[in-house]
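Student: Please choose one part of this model and take me through it closely. I would like a connected account that gives the cut-offs behind each term.

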Amino acid sequence: MTEPLPLLLSTTASVLNPQGTHRQPSTDAPRFWAVVPCAGTGSRALPAGLSPSAKLLPKQYQLLAGQPLVLHTLAAFAAVSRLQGTLVAVAPGDHFLAAYANRSFFTVGCGGPTRADTVLGGLRALLERGAHAHDWALVHDAARCLVTSEQIDSLIDDCAGDGVGGLLAHKLADTLKTAIAGPGGIRVASTVDRSDKWLAQTPQMFRIGALMEAIEQIGPAVTDEASAMEAIGLHPRLVQASALNFKVTYPDDFVLAEAVLAQRAHGGTLDRFGGERGIASDAPARTIF
């Protein structure tokens, strides 16, 4: 039996002024929600040698340190007490996480053909379930499974008073090159000044109403939430994070992520989601389709 979610309280759209700040549609203090897009397949990341049955699972459900990858992600968010809830946006008909039901997250079958569509579906679902347009949404890649609760809290601390919002990022440390291709192969064309270059990470934190407006205006081609906000003339804040907050994208990334989790002892994931056997919590599932 599913646990009821809050009734709709407000869907009033936020209003941006020319400075990029918001006029609050409500006197209520803004709350914090997380949205984890979890509807992709991530075929590039699947390690070689998987059994045919395992290959049917998207990368976010592949085992990492004995647990489905996304559970490590959700464990970090579960430890952030300021979050009102974490919405996992899955593909329609995807019931994988029902076996790992936990009060710290709920799933909604609102996944679309692109990341932007999935995020937009998740934001709309939050409004339908009681969020306000001036509440904050922290959108996070399911495959960034090494994010820590401390990093999430740091983003909230730095952006809760900001007029636009912001994102975790890592200042580029390597020398950056442009390339040209020709008969002699791919060669260096030039060296790029890296002093103002950052690698965008997640979570990315923006007001629900403003982010919805930006995505709806720019369309599904945007690759992250910050670029949607940039496209409408705003400048999100950069919050220094860690190189370890990388996205599992290629097979070698599984090896590195497992090594990091082993060093951390991945106790948070095991404690939250049931230990070595992956036994589900006794909390009721909150899956909405």
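**A close look at a ring pair and what lies beyond it**

Tutor: Tyr 61 is buried, with a relative accessible area of 3%, where buried means under 20% relative accessible area, exposed means over 50%, and partly exposed is what lies in between (1.4 Å probe, protein chains only). The model is a predicted one, in which local features need pLDDT of at least 70 and side-chain atom pairs count only at pLDDT 80 or more, while totals for chains, interfaces and linings use all residues. Residues are numbered from 1 along each chain as its sequence is written, and side-chain values rest on heavy atoms, with hydrogens and water left out.

The structure holds two aromatic pairs. In one of them Tyr 61 and Phe 96 are stacked, with 4.1 Å from centre to centre and 15° between the planes; rings of Phe, Tyr and Trp (its six-membered ring) pair if their centres lie within 6.5 Å, and planes under 30 degrees apart count as stacked, over 60 as edge-to-face and the rest as tilted. Tyr 61 sits in the loop between α1 (52–55) and β4 (63–64) and Phe 96 in the loop between β6 and β7, so the pair ties together parts that are 35 residues apart in sequence. Helices (H or I, at least four residues) and strands (E, at least two) are DSSP runs numbered from the N terminus. Phe 96, unlike its buried partner, is partly exposed at 23%, and ring pairs link Tyr 61, Phe 96 and Tyr 100 into a cluster.

The strands that flank the loop of Phe 96, β6 and β7, return around helix α3, since both are among the elements that cover the buried residues of α3, along with β3 (32–37), β8 (136–139), α5 (208–218) and α6 (225–231); contact here means heavy atoms within 4.5 Å. Helix α3 (residues 115–128) has 14 residues and reaches 20 Å from its first C-alpha to its last, close to the 20 Å expected, the expected span being 1.5 Å times one less than the number of residues. Ten of the 14 residues are buried, among them Val 119, Gly 122 and Leu 126. Just after α3, Gly 130 takes a positive phi of about 115°.

β6 (83–89) also borders the loop that holds Arg 82, whose salt bridge with Asp 153 of helix α4 (149–159) joins positions 71 residues apart. In that pair the closest N and O atoms are 2.8 Å apart, a salt bridge being a side-chain nitrogen of Lys or Arg within 4 Å of a carboxyl oxygen of Asp or Glu. Asp 153 is partly exposed at 23%, as is Arg 82 at 32%. Arg 82 also meets Asp 157 in a salt bridge, at 2.9 Å from N to O; Asp 157 lies in helix α4 and Arg 82 in the loop between α2 and β6, so this pair ties together parts 75 residues apart in sequence. Asp 157 is itself exposed, at 51%. A search of the whole structure finds ten salt bridges.
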